[in-house]
Structures are given as structure tokens and as C-alpha cells.
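User: I would like to go through this model one step at a time, with the reasoning behind each reply laid out. Please begin with the term that the first step depends on.

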Amino acid sequence: MAVDHDVLGDLMRGSLDHCVKCTICETFCPVSNVTPLFPGPKYVGPQAERFRVWDETSPDQSLDYCSGCGVCTQVCPQGVHIAEINTQARAKLRERTGFKLRDRLLARPDLIGRLSTPVAPVVNVTLRHGGARAIADTALGLDRRAALPAYPGRTFQRWARKHTSPPAARRVAYFHGCGANWSEPDTAERTVQLLEWLGCQVDVPKGQLCCGLPAQSNGMFDLARKYTRRMARTLAPSAREGVDIVGTSTSCTLMLKREAREILGLDADADLRAVSDGIYDICEYLLMLHDRGELRTDFRPLPITVTYHAPCQQQGHGIGKPALDLMALVPELRVIENDATCCGVAGTYGLKQEKYEIAMKVGRGLFDQIADAAPELAVCDSETCRWHIEKATGVRTVHPIEILHRAAGLAS
Amino acid sequence: MASLETDVLVIGGGATGAGVAWDCALRGFDTILVDRADLAEGTSGRFHGLLHSGGRYVVKDPVAADECVAENAILRRVIPDCIEDTGGLFVVTPDDDPAYGDAFLEGCRRANLPTEEIGVGEALKLEPRLNPGIKRAFTVPDGSIDAWKTVWALARGASARGARILTYHKVVDLKVEGDAVVGARVRNELTGEELDVGARFTLNASGAWAAQIVKMAGIEGVGVIPGKGIMIAMNHRLVNTVVNRCTMPADGDILVPIRTVSVIGTTDIRAADPDEIPVTQDEVDAMLDDGERLVPGFRDARALRVWAGVRPLFQDEKASGQAAADTRDVSRTHAVVDHVERDGVGRFLTMSGGKLTTLRLMAQDLVDAMCRQLGEDRPCTTTTARPPDNDDGQLYSLGARLRRREATLQEEQLICECELIGRTRLEETMRRRGTTNLDDVRRSLRLGMGPCQGGFCIYRATGILHGVGRLDGPEASASLRGFLQERWKGMWPILYGDQLRQARLDDWIFQGLLDVEHVPG
Amino acid sequence: MSHHDVIVVGTGLAGLTAAARLAEGGARVLVLAKGVGATHLSPCTIDVLGYAPDRVSDPGAALAGLGEDHPYAAVGRDGVAAAIGWFTDAMRDRYPYTGGLDRNLLLPTAVGALKPTAVVPETMAAGDGSDPVLVVGFTALKDFHAPLLADNLSRAGIAARAVELGLVPEGRVDVNSLGFARAFDDPAFRAEVAAQLVARLGADERVAFPAVLGIADAPAAWGTLRERLARPVFEVPTLPPSVPGMRVFAVLRERLRRAGVRVILNAVVGGAERAGGRVSAVRARVGLREVTYGCDWVVLASGGFASGGLELDSRWKARERALGLPVTGVPTDERFRADYFAEQPMARAGVAVDRDLRPEGHENVLVAGATLAGAQPWREKSGDGISLATGHRAAELILGAAVPSEPARAA
């Protein structure tokens with residue numbers, strides 16, 4: 001089955017022409033710097049791509065060790081779309097060699113969420129049970145030590161259905177992400193509360209499901225396209241009405257903003273175009289308001305120390321680190337900016353048995369920095385990163401909006 | 001002066017010469033092959049890589065077409081490792097007459113060349129980069145063939161059967177006794193030493209240089225016209241199928257995916273001297289426009305290297321009694337020049353004309369003619385015999401090096417990253433070839449033929465060559481400088497866009513960082 | 001739309017220097033760059049002027065001999081000295097430099113030539129001089145060939161011999177410079193290296209290593225080896241990735257972070273909003289979006305043809321990518337000539353500027369680094385000197401002319 005070869009898709013591959021072999025990407029790659037199993041982004045991207053014929057199986061399994069963090073694309077001084085080339089190459093590889101059951105499950109978070117939520121207490125206990133995890137490790141390849149999501153047994157969507165947002169001059173649509181829906185409804189609820197405090201009327205478009213990012217990362221492009229198109233249809237009406245869309249799952253927001261168009265070749269989808277043009281990471285959005293002088297800044301003092309790690313996919317937005325600028329508005333808050341490229345989990349990568357140890361090595365530097373800082377909280381914009389960091393360090397890890405939520409005096 | 005004796009002296013180490021040496025060796029002749037430079041340094045190493053289906057000749061040159069149809073099939077059987085089954089397309093571009101497609105189909109039918117007209121949509125699905133404005137498309141069994149691999153496989157096969165392959169041995173003069181050629185005086189270009197080679201028969205397979213050799217036997221005016229053509233290698237495969245313009249042969253009408261690059265070619269300009277074939281800016285500009293016609297956005301893609309090759313076009317009035325206006329009108333089929341008949345000189349035959357796809361047939365015809373003159377009945381077996389490394393019958397696949405590298409990922413250092421050449425292979429080749437010249441290694445392995453054109457690997461290779469004990473410091477630096485100079489020749493006419501960026505980075509490495517220019521000695 | 005006092009385009013040495021100096025002076029700075037700059041490819045020895053066209057021994061004096069069109073002309077000897085002073089100051093705590101404008105050092109290159117350079121990290125300084133050298137290589141490091149270096153150095157009249165150690169970080173077969181640098185951060189690895197060498201050293205020998213002596217704390221790694229070997233030790237820069245360059249990047253990047261400079265990568269600047277001779281905002285393509293950033297000043301340090309800051313298309317038209325400034329020095333007929341080592345006709349192409357580093361018709365745009373016309377950095381051996389000097393000068397000019405809109409974030 002042929003992978004879509006539209007203009008943008010081909011531009012990703014064609015961008016390999018810009019590679020001058022300078023090796024800068026390899027100096028930044030968090031994975032190749034800790035393991036020889038991954039030959040590095042330059043190798044599996046622009047270099048190996050010249051040896052791949054699109055309708056043949058690529059012979060290089062080592063490509064599978066790419067975590068998809070995207071740091072290579074960010075640092076490439078020549079504009080090679082390295083991570084995108086790698087993700088596309090991996091999909092082609094997997095199409096030919098087949099998908100593991102584990103990966104098929106990881107690509108379907110809504111399915112797992114829907115099954116787990118009614119029996120959440122049982123699920124949560126099971127997921128922490130050594131024996132059960134050992135079985136999952138051996139049978140499926142889900143590492144027994146990895147941080148899996150928990151299921152509170154209530155969903156954000158249910159809360160949103162019962163909640164009415166007070167009318168206000170500014171309307172925003174909230175893209176909550178399936179991770180928040182099933183596993184972190186608190187984060188999403190607080191986001192709505194904060195936005196309302198900031199003077200926004202918050203729509204939560206109904207029926208939001210997975211955006212397709214886990215499917216894309218695991219190489220299931222057909223499934224990913226289905227999910228992305230569906231999500232685009234759900235959010236497009238807001239975009240067309242001129243209502244800005246904000247997301248708290250920074251990686252999923254990036255998926256709809258850019259990655260689905262570039263990697264899945266969905267650039268021609270009108271709904272996706274409309275959403276892509278009007279979607280913002282929440283910190284990006286709030287900082288925009290602040291730059292315009294439209295952000296309420298009467299935050300209460302918060303005399304604690306927090307660390308902040310900008311996840312790779314937040315950096316992929318190309319917006320700098322707006323969370324830092326926003327947290328700087330909170331009096332007495334001490335923020336220690338972490339200096340780490342990647343925490344290691346990279347979505348579903350670090351959950352896998354063959355990659356868990358690599359992921360832990362990748363994150364080691366960050367975990368040590370957090371331990372040294374001994375903060376009250378660790379702050380990070382992506383949910384899978386939060387779960388991974390919290391498990392590795394024991395420090396409670398939250399989204400930046402939680403800090404603002406507290407400083408706004410909204411925490412009960 | 002040292003001397004050697006042999007049955008057959010083959011002059012020329014391109015595809016023709018190597019094919020002849022292989023054929024002779026298989027027939028039990030003791031053979032010596034000489035070439036003034038490295039094997040395939042002449043025309044063969046500078047061609048675009050097209051293994052003809054014959055489609056280009058079905059309308060204009062049916063004899064050549066028939067030859068290609070037959071030889072294409074034979075070569076796939078005997079040297080599969082040198083050939084990739086890319087398939088081919090003939091496309092009618094917006095600038096071409098769709099009616100030509102009918103003549104094309106008719107020609108293919110007559111030549112028994114399997115072809116099929118496919119819808120434009122289907123062609124675009126097969127090759128997404130193709131000009132969406134094409135009007136008709138036809139499939140053909142084109143392939144791409146690696147000339148160096150071919151020449152080296154044949155030479156090594158001949159060598160395994162006792163042939164002596166002497167590279168860097170230039171023919172200084174032919175030895176004529178009475179009315180026959182009895183061998184040649186040859187100079188080792190690396191040592192300056194001269195060598196006397198005595199042979200029962202001498203076969204002139206020097207292609208575009210044939211006339212120069214023939215002159216040494218006192219024969220004037222053999223009609224070999226050097227036809228210059230330029231080609232540009234593009235950084236990656238813009239297409240994975242050979243794309244031909246469906247029209248009367250014109251400039252820049254083929255785009256060949258060969259190994260990791262796609263090559264566009266070519267032009268056809270009569271050259272006075274086969275060694276004087278400069279690339280001009282106008283030719284490059286025209287070639288880029290030709291590329292745009294086949295693949296829109298061609299000018300934005302990255303050009304790696306441009307070079308000129310020279311075809312041996314045979315047009316001998318004495319032999320055929322005709323003249324042609326345009327070198328393109330000259331038949332592309334080959335001919336054995338019988339010097340007994342034509343010039344009264346015996347034990348000497350020249351092969352002229354031809355193309356790489358018919359190399360085996362050319363060798364067969366030449367060696368058969370020799371056998372007839374010698375009165376010896378030794379049948380040809382090259383339709384079935386396979387030279388070394390081609391035994392498993394598997395056609396070449398682009399991923400071969402990637403697969404090989406994947407298996408040795410943890411065990412071997414990667415020296416040329418662009419072309420995936422490991423250290424072990426590099427050292428082996430350096431030792432086996434006994435060479436001090438990095439360009440020889442480049443021809444054997446494709447070292448420095450990727451995007452960075454040696455920017456990163458050449459310093460490494462120089463260090464390794466020095467380490468393997470082949471060179472001292474000043475020689476190593478000289479070899480490095482020589483490589484840079486040679487590489488620059490092929491770069492500067494196409495130095496724009498991404499390749500200019502690469503060149504500037506490489507300048508920084510060689511001049512700013514290493515300061516190669518100021519190495520002592 | 002956001003607003004900053006200064007937008008710096010580019011994260012090479014010129015861009016990082018300008019941004020750091022500006023932030024220090026109280027300006028609110030935004031850095032936009034396509035990716036990480038050329039510091040990772042360059043050893044960041046500050047080559048001020050090596051050949052003009054003959055070898056230069058006193059770079060400070062030789063500056064005066066360069067033409068009016070050379071980038072140094074806009075800076076002057078004093079300006080270059082000030083830039084060097086600023087830089088050595090900035091590096092002092094984490095990665096000290098030594099040298100000055102009066103005398104070029106002659107440092108061996110990885111292939112054994114002697115290259116003139118003015119200001120170098122202390123870890124490299126002992127390369128200057130003619131005492132015998134033991135060159136240490138590693139079989140796992142393909143980017144450095146000690147025997148070749150030693151062979152060529154000997155022919156320059158410096159007694160040199162080579163030794164290759166089989167020590168390999170993590171048992172790998174193919175380790176690049178960064179891998180080795182991380183190994184050298186480990187005291188146990190350093191001790192092992194020293195132990196293997198100590199018995200093989202000659203009395204007066206200096207010891208040369210590839211430039212991989214540590215990345216997190218290079219002075220400590222180098223210092224330890226010096227102590228244990230009881231000999232002068234120096235690093236020799238080799239093929240990219242350049243560990244010394246990464247050290248410089250780390251120091252300058254940290255300075256930017258502490259000063260609250262916002263850095264956005266993967267931003268391709270491709271246009272500006274103008275009113276008369278002033279640029280009021282810069283447009284960049286970030287991902288698939290076009291974003292506009294307001295500013296009072298722009299420092300264009302996007303590099304030359306190597307980085308894509310300047311482009312030549314297939315019809316031989318040259319363009320400056322970010323602001324569309326005119327490019328001079330690209331001949332219409334012969335752009336290159338056949339001899340690779342000769343001066344190429346196109347070598348000095350770039351954006352021409354006035355004494356204040358401003359291109360014609362622009363009041364608030366300054367150009368620094370390899371984007372500038374008039375120099376041939378790789379032949380003159382002047383690249384990092386030009387980047388540093390013009391980046392620093394651009395910042396000083398802006399700070400002299402403007403009052404910052406609000407104080408920079410406290411360090």
C-alpha cells in the first residue's frame with residue numbers, strides 16, 4: 001500500500017537535499033548519545049533515505065530506535081526535516097514488517113480509556129501490580145517499570161458537558177486531548193477555570209477523541225489519518241467562526257498545528273488547514289495576550305521553588321518557552337529552568353521494553369537536575385513526560401497552568 | 001627493457017576492453033589488458049548508467065534496438081549484481097508530439113520489445129515527481145547498470161583465469177613487423193618504466209581513442225568521431241524508474257536512477273580531441289532546463305556533480321561510404337574494423353561505435369573475428385558465464401549497502417557516510433589495488449561520491465591510506481590535494497543552491513580548519 | 001505581536017556575541033534562527049588574520065593593510081581588541097582563552113600544517129612552538145589521524161611522533177569527538193589514558209590530543225592530564241562536530257539564558273515590515289505558520305553561503321534570504337575558476353555595509369559575521385575574528401545609539 005505522496009510529504013523527503021553532513025543533529029540527538037543501537041538522525045534520515053526505494057522494505061531496523069522527539073529538525077541549521085523523514089521511513093518499515101499488538105494498543109488511547117474508566121479502580125490496581133506488569137512485559141513488551149497512565153474513573157468530557165462557561169468578550173475553544181480526558185481531568189478542569197478567570201468564555205467542542213499522534217509515532221499512518229481527520233472535523237467549526245483553539249497537551253497541539261500536515265500528507269484537508277491556522281499551545285496563547293496587554297496579571301505570591309522542563313514537542317512549536325515568561329509574572333515564585341533536551345519517554349517510546357532503559361538514560365541528566373533542585377513541584381507541558389518524570393524523580397509534576405491556577409487563587 | 005609475451009593484447013580497459021578480456025580468457029587465450037589510466041576512467045565511467053531496453057532506438061535505429069533487446073536480457077542473466085531492475089518509462093512531454101507515441105509503439109512491436117501504454121494518472125502515481133503535464137506514457141524494461149562494477153567484475157573474472165590486467169600502462173607505440181601488428185611498447189605511468197608486450201593478436205578496444213592507437217600502426221583516418229556528452233548527477237533519486245522523453249533522440253532526454261543518485265543526460269557535440277572535453281556553462285543551463293521539463297522543480301533540487309564523457313561514434317566513409325550531418329544521426333550500433341581488408345595490416349582489429357548495453361556482443365563480435373582470422377574454432381560462452389560476485393543471480397538493489405551496514409553497525413567504523421563505506425572494506429580495497437591515488441579508490445567504491453563529495457570522508461581516507469602504509473606525509477597531502485582538485489572540476493559548473501553550501505562548508509574544513517594548502521612538502 | 005528592542009537573526013558566533021553583549025547592556029533581545037549555528041563546526045579559535053596574502057605574524061598591525069571594503073574596516077583595530085577583551089572575559093570562568101592581537105600563534109592542524117591564529121583556548125595554546133611533540137590518537141576516533149599529523153609536522157621541522165591508543169568509551173568501535181569528550185569528563189577514563197602514556201613520554205615532549213578533552217569541564221580534563229603527564233598538553237581541532245565550539249556555545253548560551261534572552265529555533269526569517277528606512281518588524285516562517293515580531297533594531301548574523309543566509313540559485317541570482325538585502329560581489333560571467341586553491345571570483349560576495357555596519361537605505365539594520373561582503377575567511381584565516389568583532393561592534397553601536405525600553409531580567 002502506497003504512502004501518500006503529496007507535495008508536502010515529498011518536500012519532507014526532498015529536504016534531504018539540504019543536508020551538508022555537518023553532524024549537528026547527531027550532537028543533539030538524545031538517543032544516539034546514549035546508545036549505539038541508534039546510528040543517529042543524520043544516518044537514518046537524510047543519509048539512509050537516499051538508499052530507500054519507496055515501494056521496497058527498508059533494510060534498516062535500527063531506524064526504529066528513533067524516538068521521534070524532533071530535536072534534530074529544530075537544531076538543523078540547513079532546514080532538513082530530519083525527524084519527519086525518520087517518522088515517514090519508520091511507517092514504511094512497519095507497514096512491511098507488521099505491527100505488534102502492543103503498538104496497536106498504544107495507538108488507541110480512547111479504546112483503552114473507554115474500557116478502563118468504568119472499572120478504573122481495578123485497572124489502577126492492576127497497573128501497579130508487579131505480577132500483572134510482569135505479564136504485560138513478557139507478553140506485550142510493555143516495560144514493567146514504565147510509568148503508565150492512571151484512570152481516575154471520571155472523564156473531563158463528562159465534567160465539561162455539565163459545565164457552562166460564563167459569557168465573556170473573548171471566546172476560546174479548548175482542545176483537551178485524550179490523555180487529559182481519561183487520565184488527568186483535573187488538569188483540564190483547572191485549565192477551563194483559569195481561562196475563565198482570565199476573562200475567556202470557554203467552549204469545549206463535544207466528542208473530542210485522539211488526534212492520531214500515538215498512531216503516527218508508531219507508524220500506523222492510515223489509522224493516524226483517520227483520527228486526525230476526525231479531530232479536525234470536530235474542531236473546524238470553531239476555527240471557521242474565528243474562535244481561537246487552545247490546547248494543553250502540547251504534543252497533540254503540535255500534531256494538529258503542523259505534524260499531521262507534514263508527515264501524514266494531509267495538507268489538502270480543508271478542516272485540518274482551518275484548525276492548524278487557528279490552534280495554539282495554551283502558554284503560547286496566554287503570552288500572546290500578554291504581549292498585547294490583554295492578560296490579567298494579578299497573581300498572588302507563590303513562594304515555592306519549581307523546576308521547568310520544556311518537552312521536545314513544546315520546543316517543536318518554535319515559540320521559545322512561554323511558560324517561563326508566564327511563570328515570571330507570579331510573585332515570589334522561584335523557577336529553575338532545566339537544561340535538558342528530552343526526558344526520554346517521547347510519547348509511547350519509553351514505555352516499550354526494548355526502549356525503556358534507553359529512555360531512562362536519556363532522562364538521567366534531567367532527573368538529576370530536578371533532584372538537585374529539590375523543588376516543591378516539577379513543571380512540564382506534556383502529560384506523558386509528566387508521568388515519566390514523576391515516576392523517575394518522585395517529585396509531583398504538573399502542567400504550567402496549574403501554577404497559574406494556584407497563583408490566581410483558584411485552588412480550593 | 002622488460003618484456004611480456006601473450007596470445008592477445010587488449011588495448012583499453014573500459015567496458016569493451018574488459019568484456020573482450022573476459023571473453024578471451026574464457027576461450028582459453030592468454031591475455032594482457034592495458035589501459036593508460038584506471039579501469040573505466042574513460043567513457044565507461046562517465047556514462048549515465050542506462051541499461052537500454054532499446055526503446056530509444058526503435059524508431060530511428062532498428063538494428064541498435066534489436067541488439068539492446070537481446071543484450072538487455074542476457075546481461076541481466078550474467079551480471080545481475082551490476083544491474084538494477086528500475087523499469088523505464090517513455091513519456092510524451094508538453095513539448096513533444098503525441099503522435100510519436102504511435103511510431104514508438106509500432107517500433108517496439110516490430111522489435112519484440114515489451115511495452116505498455118499506461119494512463120497519465122498511473123504514471124504519476126508511479127513517479128510523483130514527473131511533469132503532471134505529460135500526455136502519454138509507456139513502460140519499457142529499462143534498467144540501470146553500474147559501469148564500474150561491471151568493468152571490475154569482468155576484469156576480475158578474466159584475471160581469475162590468468163589474464164593480466166595492467167592499469168596505468170599507456171601504449172606508446174604499436175610494434176609492426178611486415179604487414180602485421182605483433183604487440184606494443186607500453187609505459188608504466190606510475191614508475192616511468194617501459195615494457196615490451198609481444199602478442200599473437202592485438203585488439204584495439206580503446207573506444208573514442210581508437211584512432212590514436214590505429215595511427216601507431218601507420219593507418220590513417222579511421223572514422224572515430226568523439227561525441228561529447230555532459231551529464232549531471234542529482235543528489236537523490238528524483239525518480240526510481242528510468243524516464244525517457246518519448247521523442248526523436250534529443251539533449252537531456254533521459255533521467256536515470258543509478259545507485260543513490262539520478263543522472264540527467266545528455267548532449268552530443270562533436271569533439272576534436274577526446275581528451276579535451278570541457279563542460280560549459282551554457283550546456284549546464286540547457287541541461288537544467290531539460291530536467292525541468294521532465295521533473296518540475298528540477299532547478300531547485302541539488303546537483304552534485306557534472307562531467308563530460310565522450311562516445312566513440314563510428315563513421316567511416318571508407319567502410320560505409322556515407323557521411324552524417326549531426327553526430328546524433330550516426331548509427332549507435334557497433335562495427336569491427338577489419339584492418340586486413342581496409343588497410344592491409346594483419347593481426348589487428350579495432351572495435352568502434354557501440355554502447356555499454358551491447359558490450360558483451362561487441363566483445364563477442366571482436367573475438368569471433370579474431371578467431372576467424374587465426375583459423376581457431378573457439379566458441380563464445382559469455383551468454384551464460386558469470387564473472388565473480390554475480391553468482392547468486394540476484395539483481396542489484398539500492399538498499400544493498402544499507403543492509404550490509406545494518407549487519408555491521410556495531411562492528412565497523414563508517415568512513416564514507418554518504419555512500420556507507422566501512423573501514424574494513426576501504427582498507428581491503430586500498431591494499432588490493434595497491435594504489436596511492438584516492439580517485440582510484442573513489443572509482444572502486446564510490447568514496448566521496450555522495451552529497452558531501454568527500455568533505456568529511458577524504459581526510460579520513462587520507463589518514464587511512466597513510467596508515468595502511470601506502471603513503472608518507474607529503475604523498476598523502478598531495479593525494480588529498482589532487483582529490484580536491486579533481487572533485488572541484490566536477491563541482492564548480494553546477495555550484496548553486498545546496499551544493500554551494502556544501503562546497504563552502506568543505507572549503508572551511510579543508511582550508512580554514514585543516515589548511516591543506518600549507519602542509520609542508 | 002511581540003516586541004523586542006533588538007532581534008538578532010542567527011546563532012553563530014556573531015549572533016551569540018551580539019545577543020549576549022546587547023542583553024548585558026540592558027536590551028530586550030529576541031534571537032531567531034533556523035537552527036544551531038556554526039559554533040558546532042568551528043573550533044572557535046579566534047582567527048583574526050592569518051594570511052594577507054602572505055602569512056601574518058602581527059595581526060593587529062596587519063589589519064590596517066586590509067581594504068576599505070573588508071569587514072574589519074568597519075570595526076578598526078580598537079574595535080577588534082574590545083571584542084576580544086569582551087570574549088575572553090565572557091569565557092574566563094568556564095573555558096579560559098589566551099592570546100591577543102600582537103602575535104599570531106602557529107598551531108598544528110589535524111593534517112599537520114601550521115595555522116596562524118590569535119586568541120585560543122588555554123587547552124590549545126601549547127601547540128605553538130617547536131619543542132618535540134608526541135601526538136596521541138585513538139583507533140576508535142576516525143576523525144583524527146595522529147601518524148599523518150606527526151609525519152607532516154616533522155617535515156615542518158618539529159620533531160614529532162605518534163601513538164595510537166586502543167581505549168574506547170563504552171566498548172564502541174566508532175565514536176565521534178563528542179563521545180570521546182564525554183569519556184574525558186570521567187576521571188577514571190582520564191586516569192587510564194594518562195597511565196597508558198606516562199611510560200612512553202620523552203623528556204621534552206609536548207603531548208598533543210585531538211580536541212576532545214572534556215565537554216562539561218574542559219579545563220579540568222586538560223589540567224588533570226597536564227598534571228599526570230607532567231608535560232605541556234594541547235588539543236588539536238579536527239573534523240566537526242567540534243567539541244571546543246560546543247564549549248563556547250554552551251557558555252554563551254548560558255549567558256543568554258541568564259539574561260532572559262528569548263531564543264526561537266526553527267524560525268526562518270523571510271521578510272520585514274518597513275516604514276521608510278526603518279524596519280519595524282521581522283517576519284519568520286515558524287513551522288507552517290508565518291509569525292511577525294516587532295523590533296526597534298535588527299542584527300543580521302545569518303551567515304554566508306555555507307549556512308544559507310546567502311543563496312545562489314540555478315540561474316546564478318544571489319539573494320540575501322532574511323531581509324532581501326542586495327548582495328554584491330557575484331560576477332555575472334565567471335563565478336569560479338578551475339584551480340581549486342586559487343582565489344575564486346565569487347569568494348568575497350556578501351552584503352555591503354557602511355562604517356556602522358548598515359546596508360544602504362537601512363537605518364536600523366546592522367549586519368555581522370559571514371553575511372558581510374569583502375572577506376575570504378577560510379583563506380585569510382579570519383572567520384571567527386570577523387564574526388566576533390562585527391557581532392560585538394553591532395551590539396556596541398546599538399547600545400550607544402538607543403536607550404533600552406526596559407531593564408533586562410536579573411541574572
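Analyst: Two residues are in contact if their C-beta atoms, placed from the backbone, lie within 7 Å. The structure is a predicted model.

User: How many residues of chain B are in contact with chain A, and which elements give two or more residues to that side of chain B?

Analyst: With the contact cut-off of 7 Å between C-beta atoms, 25 residues of chain B are in contact with 25 residues of chain A. By class, the side of chain B that touches chain A has 10 nonpolar, 8 polar and 7 charged residues. The elements of chain B that give two or more residues to this side are α11 (400-407) and α16 (497-513).

User: What is the orientation of α14(B) and α5(C) to each other, and how does their contact divide by class?

Analyst: Helix α14 of chain B (residues 457-467) and helix α5 of chain C (residues 146-155) have axes 8 Å apart and pack at an angle of about 80°. Angles of 65 to 115 degrees count as roughly perpendicular, and α14(B) and α5(C) are therefore roughly perpendicular to each other. In this contact T462(B), G463(B), H466(B) and G467(B) of α14(B) meet P147(C), L148(C) and D151(C) of α5(C). By class, the contact of α14(B) with α5(C) has 2 nonpolar, 4 polar and 1 charged residues.

User: How many residues of helix α6 of chain C are buried, and what covers them?

Analyst: Helix α6 of chain C (residues 177-184) is mostly covered, with 8 of its 8 residues buried. These buried residues are S177(C), L178(C), G179(C), F180(C), A181(C), R182(C), A183(C) and F184(C). What covers the buried residues of α6(C) includes, from chain C, β7 (133-138), α7 (187-198), β9 (206-210), α8 (218-229) and α9 (243-258), together with α2 (24-28) of chain A.

User: Why can chain C be called as compact as a globular protein of its length?

Analyst: The secondary structure of chain C comes to 11 helices and 17 strands. The globule rule gives 22 Å for 411 residues, and chain C is as compact as a globular protein of that length because its radius of gyration is close to this value, at 22 Å.

User: What percentage of the residues in chain C is buried, and what percentage of its contacts between residues at least 6 apart in sequence joins residues at least 24 apart?

Analyst: Along the principal axes, the C-alpha atoms of chain C fill a box of roughly 70 × 50 × 40 Å. Of the 411 residues in chain C, buried residues make up 59%. Among contacts in chain C between residues at least 6 apart in sequence, the portion that joins residues at least 24 apart is 67%.

User: Which domains does the assignment give for chain A, and how many residues does each put into the contact?

Analyst: The domain assignment of chain A gives domain 1 (7-97) and domain 2 (298-407), and 27 Å separate their centres, taken over C-alpha atoms. The side of domain 1 of chain A that touches domain 2 of chain A has 6 nonpolar, 5 polar and no charged residues. The contact takes 11 residues from domain 1 of chain A and 12 residues from domain 2 of chain A.

User: Is G375(B) buried or exposed?

Analyst: G375(B) is in the loop between α10 (359-374) and α11 of chain B. A residue with 12 or fewer other C-beta atoms within 10 Å counts as exposed. G375(B) has 6 other C-beta atoms within 10 Å, so G375(B) is exposed.

Note on methods: Residues are numbered from 1 along each chain as its sequence is written. Chains are lettered from A and ligands numbered from 1 in the order in which they are written. This is a predicted model: local features need pLDDT of at least 70, side-chain atom pairs count only at pLDDT 80 or more; totals for chains, interfaces and linings use all residues. Axes are lines fitted to C-alpha atoms, for helices over the stretch in contact, and angles run from 0 to 180 degrees between N-to-C directions. Helices (H or I, at least four residues) and strands (E, at least two) are DSSP runs, numbered from the N terminus. Angles under 35 degrees count as roughly parallel, over 145 as roughly antiparallel, 65 to 115 as roughly perpendicular and the rest as oblique. Ala, Val, Leu, Ile, Met, Phe, Trp, Tyr, Cys and Pro count as nonpolar, Asp, Glu, Lys and Arg as charged, and the others, Gly among them, as polar. A residue is buried if 20 or more other C-beta atoms lie within 10 Å of its own, exposed if 12 or fewer, and partly exposed in between; C-beta atoms are placed from the backbone. Domain bounds come from an automatic or database domain assignment. The radius of gyration is taken over C-alpha atoms; the globule rule is 2.2 Å times the number of residues to the power 0.38.
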